[in-house]
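Dear colleague,

I am handing over the structure we spoke about, with its sequence, and below it you will find my notes on what turned up in it. Please read them with the structure open beside you.

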Amino acid sequence: MDSATKRLVEELHSLARSIDRPVSVMEVCGTHTVSIFRHGLRSLMPEGVRLVSGPGCPVCVTAQRHIDAAVQLGGFEDVIIATYGDMMRVPGRLGSLEACRGKGGDVRIIASARSALKLAQKHPDKRIVFVAVGFETTAPATAAVVLEAGRTGLDNFFVLTTHKLIVPAMLALLDDEDVRLDGFLCPGHVSVVIGSDAYRPVVERHRMPCVVAGFEPKGILDSLVALLRQIDGKAARLENRYEAVVTPSGNPVARQLMDEAFSVADTPWRAMGVIPQSGLELRSEFRRFDALTRFGIQLREDEDHPGCRCGDVIRGKVTPAECTLFGASCTPLNPLGPCMVSSEGTCSAWFKYKPPAHSKRS
Amino acid sequence: MSTFAETEPGDARIVLAHGGGGAMMGRLIDDYIVAALDNATLRELADGAVLKNESSRIVMTTDSFVVVPLEFPGGDIGRLAVCGTVNDLAVMGGRPIGLSLGLIIEEGFPLARLRRILDSIAAAAREVPVDVVTGDTKVIEHGLGEGLLINTAGVASLDENVHTGFDGIAPGDAILVNGTIGDHGMAVMSVRNGLEFETPIVSDAAPLAGMIQSLLRAGIGVRFMRDATRGGVAGVLADISERTGLSIEIHEDKLPCRPATRAAAEMLGFDLLSVANEGKVVIVVDPADADRALAMLREHKYGIEASMIGKVTAGDPPLVELVTENGGRRIVQRPYGEELPRIC
Amino acid sequence: MCLAVPGQIVELDGNTAVVDLQGNRIEVCTIMTPDVRPEDWVLVHAGFSISQLDEQAARETWSYLDQMFGEEGNEGPDDAEDTDNGRNTTTGEAPRG
């Protein structure tokens, strides 16, 4: 362990002793969840400090009805589905996109929204449906390609929009009386776009400490120290510990793109229900790119697997280990709930990098 | 070198008759396959190959190759087909004495491309060295997508004094790997995933029989070896832990890896421990021999960046644990299938 | 929720940049960072630059990764040659399989 890490860990332990009660801190963002597991940070946490994984994993919070719609669209003879790899294995009631491809559907994995647009230009005889998932980091890219499709008059490009907004979800969590949190580790890359000031309602309305964190282990530890300091001092401030790329007001160009293409709407979250004003839909002038409308797809209410506690996991009420399905009938090979699907899903991350059952130190 | 003098027209392609057992097939075999892979045994074109063996024990293995795309930075399906089977023989302690080559080709497959791949097979086999001593060719109708599937089987001679296997592994044993991890998987990914992604990463596909034989001949106390192909180093370590009931501790800062490979993995959200290699072997050795083994590996062209990545421990329950660069610990799980690039 | 990596712009043509990520080069749309110039460092998410960052911050990210995986070993004897021959460009879509 290098000296900087050692100092941070010692400080965490000393703060935990001073606080002298159990503390729950939510890392909102799934990439933080993965980073925490991957770098073994849980094994460095003082006793009594619980890291709770939040709703910031688009795969985990995409509603069943939207997965079903994607799979249904993949069944059209002349459709190419363009999706981020993240969504391939998410099971809906009609199976996953991976299974859809197995049945002969044309499903392509892309790593940029622009690749979806290029597919449309390259295959004028096909209809390309881009499965647009993600939070404010990813939504501007979707907006950019929709605007470009509008400008260039593409008529074979469609978007299945399931973009979500993170702050409304954080506020909805705090409105739930069963959720007990002492602070938020706020997502770094979403904050690049929305700016750290976006969390002011969380801090001010709920007196909840918020620290915007980077993704490197030291950045995460440093942000946890900042959070525990606030908790120790009974403060509730907004702190930005990822100043290299996060400003108070975020990226105005990216937000402008989102505003041009989308309007804010109520949207369903997997296992959390409809959260008011927490999603994005295409503005009426771009409705012609809306896959659901253009293909006449009807969405059906979600029905969760009985016994699945993903909703409670996402809200931080239980750990994956407390779900009776976890690791038994629900595994990464056979995911029953959304949190087991994405490698950044809380359950999947627990399964893959689960914290040592017994603490060993060298 | 290929002795074939005549060059095919650039657009010549495989037709069904190339697999029909007649004159067309004879020409394909003579002009392409035997021409590229020429050796005395193969030239016989008998129904089977007769091989000399100096030991009472032989190792036999087979592997099929379905890589997409067929050619990728640093290699192609032909090189893989030789290295994959040779390495399976090599990690059993065997000295390869013959390979078979089964080609399943889709009609329409360009003959020029077939020749390139056959030349690559020949080059890899020469490097081992081992002969392709027998083979089979079938042509099928359109529908394979990539156009070529290869199966190779291999036979190796196993010296009487070589005894490796899970049951020889004991707590304290050192775990070595012969170089940078994840290069093959990321090289193939760079031409697969739709990133428009130019890269200096090249596949590590390499035949390891020579390097491994040098360890065995020097009397290094090798307990167990397995090539870390699909499933990566994580998959091999999971096998070891599961089959022995022992734990493994590896150190993140000892895992060799190239900056470009690591960056590509970061970009796509992959864990390099789970990414495929085609020229890497995990070697469990007697701790008393670890330093000598490492020095010998580093003498070899495919072991220059060899590293001792960790050790076997008696931990209960059996786990593979990684000590991270920042001093944290986490469990390394068996990868659960094809990794997909992600943006989140 | 979002993977993003720092890279350096090596070519820029309108809104399209080639960004170097430790030797890997990807095409990036810079529409969200309109003020960037060649040699600037950007944070790349899903094929778009979402922010500029200073070189030091970018290098710190990668140098931390360097530490994480240990010192880089010696380059193999064939590397220089392989590096040139190994360059390749993918198409914009993923083949099946």
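**Chain C and its hairpin**

In chain C, β2(C) and β3(C) make a hairpin in which two residues lie between the strands, and C:Q22, in the turn, has a positive phi of about 55°. Please keep in mind throughout that this is a predicted model. The two strands of the hairpin, β2 (residues 16-21) and β3, run antiparallel and are joined by six bridges, and within this ladder C:V19 has C:I26 of β3(C) as its bridge partner.

Strand β3 of chain C, which covers residues 24-29, is mostly covered, with five of its six residues buried. It also reaches another chain, since strand β8 (residues 197-198) of chain B pairs with β3(C) in the antiparallel sense over two bridges, and there B:E198 has C:R25 as its bridge partner.

As for the chain as a whole, chain C holds two helices and five strands, and from the N terminus on the order of its elements is β-β-β-β-β-α-α. Of its 97 residues, 44% count as buried, and among its contacts between residues at least 6 apart in sequence, 31% join residues at least 24 apart.

**Chain A against chain C**

How many residues of chain A are in contact with chain C? There are 35 of them, and they are in contact with 22 residues of chain C. On the side of chain A that touches chain C, at least two residues each are supplied by α2 (30-38), β4 (106-110), α6 (113-122), α7 (139-152), α9 (188-194) and α12 (252-261) of chain A. Of these, α6(A) gives the most to that side, with five residues, and by class the side of chain A that touches chain C has 21 nonpolar, 10 polar and four charged residues.

Two of the elements just named belong to a further feature of chain A. An open sheet of four strands, in the order β4-β3-β5-β6 of chain A, has parallel pairing. Because β4 and β6 (157-161) of chain A stand at the edges and each has a single partner strand, one side of each is left without a neighbour in the sheet. Neighbouring strands of this sheet are turned by 25° against each other on average, direction ignored. Strand β3 (residues 79-84) of chain A runs parallel to β4(A) and is joined to it by five bridges, with A:D106 in β4(A) as the bridge partner of A:I80. Helix α6(A) lies across β3, β4, β5 (127-132) and β6 of chain A, and runs at about 170° to β5(A).

**Chain B: two domains and a buried helix**

Chain B is divided into domain 1 (16-158) and domain 2 (166-331), and the C-alpha centres of these two domains of chain B lie 27 Å apart. Their contact takes 24 residues from domain 1 of chain B and 24 residues from domain 2 of chain B. On the domain 1 side, α3, β4 (95-106) and α4 (111-127) of chain B each supply at least two residues, and the largest share, 11 residues, comes from α3(B). The residues on this side of domain 1 of chain B divide into 15 nonpolar, five polar and four charged.

Helix α3(B) therefore deserves a closer look, as 15 of its 15 residues are buried, so the helix is largely enclosed by the rest of the structure. At 1.5 Å a residue, the 15 residues of this helix of chain B (residues 77-91) should span 21 Å, and the end C-alpha atoms are 21 Å apart, which agrees. Just after α3(B), B:G93 takes a positive phi of about 95°.

The remaining feature is an open sheet of seven strands in chain B, which has mixed pairing and the order β9-β11-β7-β12-β10-β13-β14. Its edges are β9 (222-227) and β14 (329-331) of chain B, each with a single partner strand, so one side of each is left without a neighbour in the sheet. Neighbouring strands of this sheet are turned by 25° against each other on average, direction ignored. Helix α3(B) packs on the sheet, where it touches β9 and β11 (281-285) of chain B, and its direction makes about 165° with that of β9(B). Elsewhere in the sheet, strands β10 (residues 247-251) and β13 (residues 320-323) of chain B pair in the parallel sense over four bridges, and B:E249 stands opposite B:E321 in β13(B).

With best wishes

How values were computed. Residues numbered from 1 in each chain as written. Chains lettered and ligands numbered in written order. Predicted model: local features only at pLDDT ≥ 70, side-chain atom pairs only at ≥ 80, totals over all residues. Expected span 1.5 Å × (residues − 1). Buried ≥ 20, exposed ≤ 12 C-beta atoms within 10 Å, placed from the backbone. Pairing = 2+ DSSP bridges. Axes fitted to C-alpha atoms, helices over the stretch in contact; angles between N-to-C directions. Contact = placed C-beta atoms within 7 Å. Domains from an automatic or database assignment. Nonpolar A, V, L, I, M, F, W, Y, C, P; charged D, E, K, R; others polar.
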